[in-house]
Amino acid sequence: MSDPTNVLALEHRRLRIGDAWRDAAGGATFAVEDPATGTTIAEVADADVVDGLAALDAASGAAAEWATTPPRKRSELLTATYRALTGRSEEIARLITLEMGKPLTEARAEVAYGAEFFRWFAEEAVRVEGRYSTAPAGGYRILTVPKPVGPCVLVTPWNFPLAMGARKIAPALAAGCTTITKPAAQTPLTMLLLARIMEEVGVPPGVVNVVTTKRAGRVVGALLADSRTRKLSFTGSTEVGRVLLRQAADNVLRTSMELGGNAALIVCADADLDVAVDGAMVAKMRNIGESCVAANRIYVEEPVREEFTARFAERMGALSMGPGLDDGVDVGALIDEASVTTIDELVADAVDRGARVLVGGERPDGPGHFYPPTVLVNVPEDARMLKAEIFGPVAPIISFASDDEVLARANDTEHGLVGYVFTRDLQRALRFAEGLDTGMIGINRGLISDPSAPFGGVKQSGLGKEGAHEGILEYLDLTYAAIDLP
């Protein structure tokens, strides 16, 4: 099979700014590695502040024309992007696997998921509406007009290198905004390929700019300090999100933040255990557990704890681990050595505090950044993994005795992104849905992400929504006109 990086010609490993692919102003590059081997697969341009501002020049220069482009034309370009992504799914999936490490089956699913954002927001582009009404007291009319917010800075993570960019770029373009995307340094190749595809389908120069860099703080900080930037959308850790919010405050930027999670998955004694085990496997192991919506803490009601644990551990132990491009692999490499070290330390801490490992728990020898699917029981409340976002294939199982108890424990976190509940009692499900302090809840379902649904959290898991109709509203300002009409 040919090298997946061949889909990016050398000139397309440069910065995409305006109508050109260019080197960083200082000529610097950085290496992108294959997590399965630790070897370098590509060198890409390493932008500095001057390059970021050049991208803002391009986005600002294109903003007025793109904002007045007919919605139908914007919709057609987004639809063309959707078709190009689905038509080239296999080569894009292989590139995702090569630079991120996930199994090829997961990468194919990401391409399908990411493409759907372009299809969804192609449909939303022609449905941006204001209103016209009579003021309640009479004498004048109220007119509201939605307008694009302006140039947007989009900062995307490494775990879904296509989908997280699509989830931001598609609504921004649908609303009439121009964009500057700063992808994660670990996985820039997929975003560069997306920019190339959007160029090929006819998206005008300056509308989609991509700046790759290892100097993210400097480059993004300069963009946020420039008054031409009017919107920031970030997906990543809560810690970095706090920093960006402080920087965005100086120019009072519109912000969308999809930050960290610490999802509790609750299995009630009345649950269908077949459904619960299947759902827990999806919620824990989708994307190798490297997901903000991954089940971080699994609470099982005592009467079914032993049976659920045995069945879940058996399923986890049966997963195959290896390079994501190999046939039959269920669990690929983690993104880097730091991630493996962090997860190994979390497991060791739990064991030191009295937890017991049922499956996995030992990092393998050999090249690449691998950690096996791991299940722990008897995990005490003071274990670090119950407070930290694990971001890997490790599942702590904790028993509970009552709904009030497990709700209190599930909500005892600064995060509030998602929760999962498995029960056959409708009233109980609704009580959990209302009682969990989260922006999203999966009921008898381990997969909640969908372009047609509003994705986002509460508390320190973020601000705003992505996807659904709410997603395009994040890129629109509303002008109100009072019109005298006695």
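Which residue of strand 6 does Ser133 stand opposite? The residue is Ile142, and the strands around this pair are a good place to start.

## About the model

This is a predicted model, in which local features need pLDDT of at least 70 and side-chain atom pairs count only at pLDDT 80 or more, while totals for chains, interfaces and linings use all residues. Residues are numbered from 1 along each chain as its sequence is written, and side-chain values use heavy atoms, with hydrogens and water left out.

## The annotated domain

In an unreviewed entry, UniProt lists residues 21-478 as "domain: Aldehyde dehydrogenase"; its positions are given here in the numbering of this text, feature names are shortened, and annotations may be inferred rather than shown by experiment. Over residues 21-478 the chain is 41% helix and 19% strand, with 35 Å between the end C-alpha atoms. Helices (H or I, at least four residues) and strands (E, at least two) are DSSP runs, numbered from the N terminus.

## A three-stranded sheet

Strands in the order 5-6-20 form an open sheet of three, and their pairing is antiparallel; two strands pair if DSSP finds at least two bridges between them. Strand 5 (131-134) and strand 20 (476-484) are the edge strands, each pairing on one side only. On average, neighbouring strands of this sheet are turned by 20° against each other, direction ignored.

Four bridges join strand 5 to strand 6 in the antiparallel sense. These two strands form a hairpin with five residues between them, and in the turn Gly138 has a positive phi of about 75°. On the other pairing, strand 6 (residues 140-148) and strand 20 are antiparallel over nine bridges. Here Tyr140 stands opposite Asp484 of strand 20, and Arg141 has Ile483 as its bridge partner.

## Two crossing helices

Helix 9 (residues 273-285) and helix 10 (residues 302-317) have axes that come within 10 Å and cross at roughly 50°. Axes are lines fitted to C-alpha atoms, for helices over the stretch in contact, and angles run from 0 to 180 degrees between N-to-C directions. That crossing makes helix 9 oblique to helix 10 (angles under 35 degrees count as roughly parallel, over 145 as roughly antiparallel, 65 to 115 as roughly perpendicular and the rest as oblique).

Among the residues in contact (heavy atoms within 4.5 Å) are Leu273, Val277 and Met281 in helix 9 and Phe308, Arg311 and Phe312 in helix 10. The residues of this contact divide into ten nonpolar, no polar and six charged; Ala, Val, Leu, Ile, Met, Phe, Trp, Tyr, Cys and Pro count as nonpolar, Asp, Glu, Lys and Arg as charged, and the others, Gly among them, as polar.
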